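Here is a short walk through how two copies of a chain sit together. Have the structure open alongside as you read.

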Protein chains: 2
Amino acid sequence: MPRRAKASRPAKAPGAPAEAADGSAEPVPHGRGRKIAAKRTAILGAGLKLFSRYGLHGATMEEIAKAAHVSKTNLFYYFASKEEIYVAILRQLLESWFAPLDGLKPEADPVAAIGAYIRQKVIFSRDNPDASRLFCLEIVQGAPLLGPELRGVLKAVVDAKAGVIRAWVAAGKLAAVDPHHLLFSIWATTQHYADFAAQIDAVIGRDLTDETYLEATIANIQRIVLDGVRPRGAGG
Amino acid sequence: MPRRAKASRPAKAPGAPAEAADGSAEPVPHGRGRKIAAKRTAILGAGLKLFSRYGLHGATMEEIAKAAHVSKTNLFYYFASKEEIYVAILRQLLESWFAPLDGLKPEADPVAAIGAYIRQKVIFSRDNPDASRLFCLEIVQGAPLLGPELRGVLKAVVDAKAGVIRAWVAAGKLAAVDPHHLLFSIWATTQHYADFAAQIDAVIGRDLTDETYLEATIANIQRIVLDGVRPRGAGG
DNA sequence: GTCTATAGCACGATAGAC
DNA sequence: GTCTATCGTGCTATAGAC
């Protein structure tokens, strides 16, 4: 029983539909399957909440079971191990994490598209703070379990979008900025408000659930990323 | 033995010089005290490395002992508990984390000062990636142990610097930007390169130890924060 | 101050009845 | 599929000799 496993065994659990260890939205369960899919979803939700707060090793199966309104034994009926729950959650996250990138299309207006992308990311951070933070936890610890997906699907998506940005620059529709650095800066600033919410709350006593602060945050990130702060008469 | 304690008992360990549970630089140990101070430092260093990779609960006392070249029993001679090591490390980090803020003085040139600050933060991220990441881990999990310090000393420092930035704006030396959002954006972008190094490496296969990439990163953050990306002829 | 030995228990995972 | 009971062990922390 290695404490820090490298990869998950293929050990299939019931209700896992061949590939997507998800249980929320893929093949649409029918009739009897609905109940077990609902339980899997509840477990993943409970795991998300607890893993994001206490980490993989800090959260316990007993707590997850309780939060999901399931007995501890039952947990092991649906998932073979703690790590299996963890990676199932992470895989789900990754998709929703880069989905907003779809908006960066070649034919779109760069500034408008980037501005919209920033808004979407901040809104996502507000609506899914736990997701944002769990993703952060995994990456910060070196992405031991998500690494392969990052090098695979994420890299592919990012490379494609970098091409779009590069085309915008070449067309003179955007200042000469490195595409990857631009994306990293957007990710950094938008997720910061979810991931470092504890720090922000400690310093200024606000968070994104405050509608006014949410809009101010979006505006300021858009401003900093899109306009800069160098003085030139009328500010903003 | 509560698994997730709220605060550390005052239980003093030998070699802890009254206040600073640090052991590296404060009262300058003399003669015999040097050896035990060196061991404490080694333990804190080992803890930093392991906690930042595996989290508070993921790292084990046995591993820390081995990494610090100390027997496991000896570890408990120098520190009363695992958490005591953890908080001692965090307290150290906080100081070095906001020390670079000193450069933001009212009499300085805003753009130059902010540019220099960005450089310092990125350099710090390169030289202390583990520190950056451990700090991130703690905040992301809600800062359960560092919360009070954030609301105290960090808030005080930030409020002071926000005043400086506000004065710059009032004097017309800087565009009208919210001071807190500006600071948050700088923290977000600079630390991103240390904290999300695994992701960046997965996507573009580089990290800050590459001197060329380091300089490109600094330049791009400075550019994005200071200049923005809106098209206006010659880019950068 | 450093060691060997071990207490003590929380927690991941399993057995097996129903 | 869900339960009760329990195993095995990894891990924090202590005891006590030297």
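What follows looks at the symmetry of the pair and then at the interface.

This is a predicted model. Two copies of a chain are related by a rotation about an axis and a shift along it. Here, a turn of 180 degrees with a shift of 0.0 Å along the axis lays chain B on chain A, and the RMSD is 0.1 Å. That is the relation of a two-fold axis.

How many residues does each chain give to the contact? Chain B provides 68 residues and chain A provides 68 residues. Of the interface residues of chain B, 100% are interface residues in chain A too, so the copies meet through the same surface.

Now to the area and the interactions. Between them, chain B and chain A bury about 5900 Å², with 64% of that on carbon and sulfur atoms. The rule finds 0 salt bridges across the interface of chain B and chain A. Polar contacts between chain B and chain A come to 6 residue pairs, both residues being at pLDDT 80 or more.

Which elements of chain B give two or more residues to the side that touches chain A? They are α1 (33-58), α6 (129-140), α7 (147-170), α8 (179-195), α9 (197-204) and α10 (211-226) of chain B. The most comes from α8(B), which gives 11 residues to that side.

The table sorts the side of chain B that touches chain A by class.

| Class | Side of chain B that touches chain A |
|---|---|
| nonpolar | 35 residues |
| polar | 19 residues |
| charged | 14 residues |

Key: Residues are numbered from 1 along each chain as its sequence is written. Chains are lettered from A and ligands numbered from 1 in the order in which they are written. This is a predicted model: local features need pLDDT of at least 70, side-chain atom pairs count only at pLDDT 80 or more; totals for chains, interfaces and linings use all residues. Side-chain values use heavy atoms; hydrogens and water are left out. Copies are superposed by least squares on the C-alpha atoms of residues with pLDDT of at least 70 in both. Contact means heavy atoms within 4.5 Å. Buried area is the accessible area (1.4 Å probe) that two parts lose on being put together, summed over both. A salt bridge is a side-chain nitrogen of Lys or Arg within 4 Å of a carboxyl oxygen of Asp or Glu. A polar contact is a pair of N or O atoms within 3.5 Å; within protein, one must be able to donate a hydrogen and the other to accept it, and residues adjacent in sequence count only if both atoms are side-chain atoms. Helices (H or I, at least four residues) and strands (E, at least two) are DSSP runs, numbered from the N terminus. Ala, Val, Leu, Ile, Met, Phe, Trp, Tyr, Cys and Pro count as nonpolar, Asp, Glu, Lys and Arg as charged, and the others, Gly among them, as polar.
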